[in-house]
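Reader: I should like a close look at one part of this structure, chosen by you. Please then set that part in the context of the whole, and state the criteria behind each term.

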Amino acid sequence: MACKSVKELQEFVEQARSVTDKGKVATYIPALGKENPSDLSIAIQYPDDTCISAGDIEKKFTLQSISKVITLALVLMDRGFDYVFERIGMEPTGEPFNSIAKIEGEQARPLNPMINSGALVVTHMIKGNSVEERIERLLSLICEMANDKEIEISNEVASSEFETAHLNRALGYFLMEHGLIKEPIEELLDLYTKQCAIEMNCHDLAQLGMVFAMDGINPISGKQIIPKDIARICKTFMVTCGMYNESGRFAIEIGIPAKSGVSGGIMGAVPGKFGIGIFGPSLNKIGNSIGGIELLKLLSNKYQLSIF
Ligand code: DON
């Protein structure tokens with residue numbers, strides 16, 4: 001087992017914190033701009049229900065793009081493999097997460113479910129009769145994964161993004177023009193921004209990562225929450241596209257299936273071993289937590305966590 005010592009983990013956090021001044025907190029969603037760039041915290045959740053952590057792990061943050069992995073799991077359960085992958089691809093883009101460039105051509109089909117265009121199509125596929133019912137279904141899956149009934153949406157972050165989501169609106173209308181989205185864009189954005197604004201702390205996030213690490217089983221409740229094959233697909237996307245256009249470098253230098261969000265969260269899943277939840281809102285140019293990546297590098301190198 002890696003890093004059972006809290007003291008060592010605290011040392012890694014302090015070491016990684018030294019790079020946080022080289023990044024910037026996201027401001028294109030105005031509510032995220034309030035975060036303290038030097039914050040950095042981590043929780044590691046083991047299947048035997050032990051957890052070690054360092055930093056302020058009570059601090060809550062929103063999932064942002066990390067939610068894309070869970071919505072993908074939900075729609076694969078809702079709709080099946082063929083339906084989902086007729087509408088979105090499986091390839092990394094090499095472009096920024098919000099790029100509109102590569103949805104031109106090839107029937108406008110987004111290249112993967114982790115970029116914003118692909119995620120909008122995935123969110124559109126969540127079953128339910130209303131935005132409320134669809135977000136509740138996603139929340140209840142997340143609560144089951146995190147063994148926490150209290151996980152909620154930050155209305156402040158959701159409305160802050162809804163009011164400023166001009167690029168996602170543009171992506172939505174483009175996808176609608178090509179028949180990939182068939183509901184009003186404002187309704188879809190309401191659902192999407194709520195999904196991105198689901199709020200939790202590092203410990204909750206580490207539990208989510210653990211479910212993926214354990215092939216969809218929550219070892220604490222003993223339940224298979226996500227079918228094994230769907231957990232495998234999600235983990236594969238985490239490796240190929242989870243860190244956007246630095247997924248290749250991340251795979252080489254760290255080698256842990258992981259998903260980032262512009263809030264500064266990173267969810268990691270070390271297969272068969274444990275889940276990782278990180279919060280560090282100072283981001284590098286790609287939009288990934290700069291301190292979080294440094295911290296994962298230290299951990300992965302010390303404990304040889306790379307899956308490759
Ligand atoms: O759609 C957006 O732009 C945000 N709600 C999520 C983007 C994101 O987290 C990208 N991650 N690094």
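**From a loop to the C-terminal helix**

Author: P30 lies in the loop between α1 and β1; helices (H or I, at least four residues) and strands (E, at least two) are DSSP runs numbered from the N terminus. The model is predicted, so local features need pLDDT of at least 70 and side-chain atom pairs count only at pLDDT 80 or more, while totals for chains, interfaces and linings use all residues. Residues are numbered from 1 along each chain as its sequence is written, and side-chain values use heavy atoms, with hydrogens and water left out.

P30 has a relative accessibility of 44% and therefore counts as partly exposed, a class between buried (under 20% relative accessible area) and exposed (over 50%), with a 1.4 Å probe and protein chains only. Apart from residues up to four places away in sequence, P30 touches S160 and T164, where contact means heavy atoms within 4.5 Å. The C-alpha atoms of P30 and I307 are separated by 37 Å, the two residues being 277 apart along the chain.

The division of the chain comes next. An automatic or database assignment sets the bounds of the domains: domain 1 covers 6-62 + 201-303, and domain 2 covers 65-196. Their C-alpha centres are 21 Å apart, and the contact takes 37 residues from domain 1 and 38 residues from domain 2.

The largest nonpolar core has 78 residues, of which L72, I142, M145, I198, L208, F212 and I226 touch the most other members. Such a core is a set of buried Ala, Val, Leu, Ile, Met, Phe, Trp, Tyr and Cys residues joined through side-chain atoms within 4.5 Å. Helix α5 (residues 131-146) is the element that gives the most to this core, namely nine residues. Because both domain 1 and domain 2 give residues to this core, it lies between them. A second, separate core of 26 residues includes Y46, M243, I276 and L299. In soluble globular proteins, nonpolar side chains tend to be buried together. As for L72, its contacts beyond four places in sequence are V84, P113, M114, V122, C234 and F237.

One of those partners, V122, is among the buried residues of α4, which are N116, S117, G118, A119, L120, V121, V122, T123 and H124. Nine of the nine residues of α4 (residues 116-124) are buried, so this helix is largely enclosed by the rest of the structure. The elements covering them include α2 (67-79), α3 (81-87), α5, α7 (166-177) and α8 (185-196).

The last helix deserves equal attention. The approach to α12 runs through N284, in the loop between β10 (274-279) and α12 (290-303). N284 has a relative accessible area of 19% and is therefore buried. A polar atom of its side chain lies 3.0 Å from the backbone nitrogen of I286; a polar contact is a pair of N or O atoms within 3.5 Å, one able to donate a hydrogen and the other to accept it within protein, and residues adjacent in sequence count only if both atoms are side-chain atoms. Beyond four places in sequence, N284 touches E246, I290 and I293.

S289 caps the N-terminal end of α12, with a side-chain oxygen 3.0 Å from the backbone nitrogen of G292. The helix has 14 residues and reaches 20 Å from its first C-alpha to its last, close to the 20 Å expected at 1.5 Å a residue, where the expected span is 1.5 Å times one less than the number of residues. Its buried residues are I290, G291, G292, I293, L295, L296, L298, L299 and S300. Their cover includes α1 (6-17), β1 (41-45), α11 (247-253), β9 (265-270) and β10.

After α12 comes Q304, whose phi is positive, near 50 degrees, although Q304 is not a glycine. At 67% relative accessibility, Q304 counts as exposed. Y244, in the loop between α10 (228-241) and α11, also has a positive phi, near 55 degrees, but at 9% relative accessibility counts as buried. Most residues other than glycine have a negative phi, and most peptide bonds are trans.

Finally, a search of the whole structure finds zero disulfides, a disulfide being a pair of cysteine sulfur atoms within 2.5 Å. The sulfur of C51 has its closest cysteine sulfur in C202, 9.1 Å away, too far for a bond. C51 is partly exposed at 29% relative accessibility, whereas C202 is buried at 0%.
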